[in-house]
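Trainee: Could we go through this structure together? I should like to begin with a loop and then move on to other topics.

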Amino acid sequence: MTAQAPTLISRNKMFNGHHERYRHFSESCQSDMTFAVYLPPQALQGYRVPVVYWLSGLTCTDENFSTKAGAQRFAAHWGIALVMPDTSPRGETVADAPRYDLGQGAGFYVNATEEPWAANYQMYDYVVKELPALIEAHFPVTDKRSIMGHSMGGHGALQIALKNPDRYAAVSAFAPIVNPSQTPWGQNALATYLGENPEAWAQYDSTAIIQTGLAGSRKLPILIDQGSGDEFYPKELQPETFVNAARGQGYNVRYQLRDDYDHSYYFIASFIDSHIEFHAEALDL
């Protein structure tokens with residue numbers, strides 16, 4: 001069954017392509033969801049183009065990356081569509097929490113099993129299955145995909161790609177949460193959404209996925225950038241732990257610790273060109 005066409009919210013011309021925002025009802029999340037898509041000029045000229053999915057971090061919507069990272073310029077150059085979902089379901093009937101790192105804006109890209117979260121917080125299925133099916137049914141794209149993200153979204157991109165390596169050409173991340181079962185942000189979120197079973201946490205912990213054999217057989221290429229001036233590094237963000245584990249299992253991991261860069265979109269904007277180029281190479285462009 002083909003997903004129902006999403007409703008257009010806005011369209012802006014950028015670099016001879018279109019940046020568009022849409023709303024649709026998500027079967028996975030049982031709520032309205034918003035996403036953005038950047039269609040490069042090649043897609044408006046009758047060509048189908050590959051897609052890079054971007055997953056944002058805590059408190060973000062689809063608009064943070066869209067307006068601050070400058071990624072559309074490089075997507076237009078390489079002929080890549082960018083798809084930018086929201087970070088959680090939202091609405092008056094959707095469970096929330098009185099803190100920034102839980103609830104709306106903080107879905108952590110898991111399929112929640114605990115109440116009241118399980119009714120709507122099925123972000124893993126939404127990103128892996130529902131959203132790509134919708135995009136490929138209604139937009140001029142191919143089924144070639146790659147995925148990247150920042151912070152909580154870096155966590156989402158890595159654990160999704162590791163478990164579904166045949167769905168993605170490559171994965172990259174800025175300042176990702178790579179070992180959430182061992183850090184405060186992750187422990188709080190995983191316990192809330194999944195309960196107190198450490199085995200359930202491990203299914204969404206990128207380092208544990210590598211160490212326990214939960215990853216798929218294909219070892220896709222990985223790129224990680226981390227700022228040395230990041231206020232959350234290394235307490236919440238422990239990229240070296242993941243990098244060492246992944247390299248030990250034969251993954252090709254390109255890791256760069258960037259002097260004095262922080263956790264903000266200034267950091268992302270400084271290096272987004274290299275990430276888009278990394279995905280373009282993986283997508284054979």
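Mentor: Let us begin with Asn120, which is found in the loop between strand E5 (81-85) and helix H4 (123-138). Helices (H or I, at least four residues) and strands (E, at least two) are DSSP runs, numbered from the N terminus. This is a predicted model, in which local features need pLDDT of at least 70, side-chain atom pairs count only at pLDDT 80 or more, and totals for chains, interfaces and linings use all residues. Residues are numbered from 1 along each chain as its sequence is written, and side-chain values use heavy atoms, with hydrogens and water left out.

Trainee: Is Asn120 buried or exposed?

Mentor: Asn120 is buried, with a relative accessible area of 7%. Buried means under 20% relative accessible area, exposed over 50%, and partly exposed in between (1.4 Å probe, protein chains only).

Trainee: What does the side chain of Asn120 reach?

Mentor: The side chain reaches the backbone oxygen of Cys29 at 2.9 Å. Leaving aside neighbours within four places in sequence, Asn120 is in contact (heavy atoms within 4.5 Å) with residues including Cys29, Gln30, Ser31 and Pro89.

Trainee: On to cysteines, then. How many disulfides does the structure hold?

Mentor: The structure holds zero disulfides, a disulfide being a pair of cysteine sulfur atoms within 2.5 Å.

Trainee: Why is Cys29 not in a bond?

Mentor: The closest cysteine sulfur, in Cys60, is 17 Å from that of Cys29, which is too far for a bond. Cys29 counts as buried, at 0% relative accessibility. Cys60 also counts as buried, at 6% relative accessibility.

Trainee: Where else does Cys60 appear? Which residues line the second largest pocket?

Mentor: Cys60 is one of the residues that line the second largest pocket, and among the others are Gly57, Tyr100, His150, Trp185, Glu231 and His263. On a 1 Å grid over the protein atoms alone, a pocket is an open set of points where a 1.4 Å probe fits, with protein on both sides within 12 Å along at least five of seven lines; lining residues have an atom within 4 Å of a point.

Trainee: How much space lies in that pocket?

Mentor: About 200 Å³ of space lies in the second largest pocket.

Trainee: Back to strand E5. Is Met84 buried or exposed?

Mentor: Met84, in strand E5, counts as buried at 1% relative accessibility. Not counting residues up to four places away in sequence, Met84 touches residues including His19, Phe35, Trp54 and Phe65.

Technical notes: Points joined across faces, edges and corners; volume = space filled by probe spheres on them. Polar contact = N/O pair within 3.5 Å; in protein donor to acceptor, adjacent residues only side chain to side chain.
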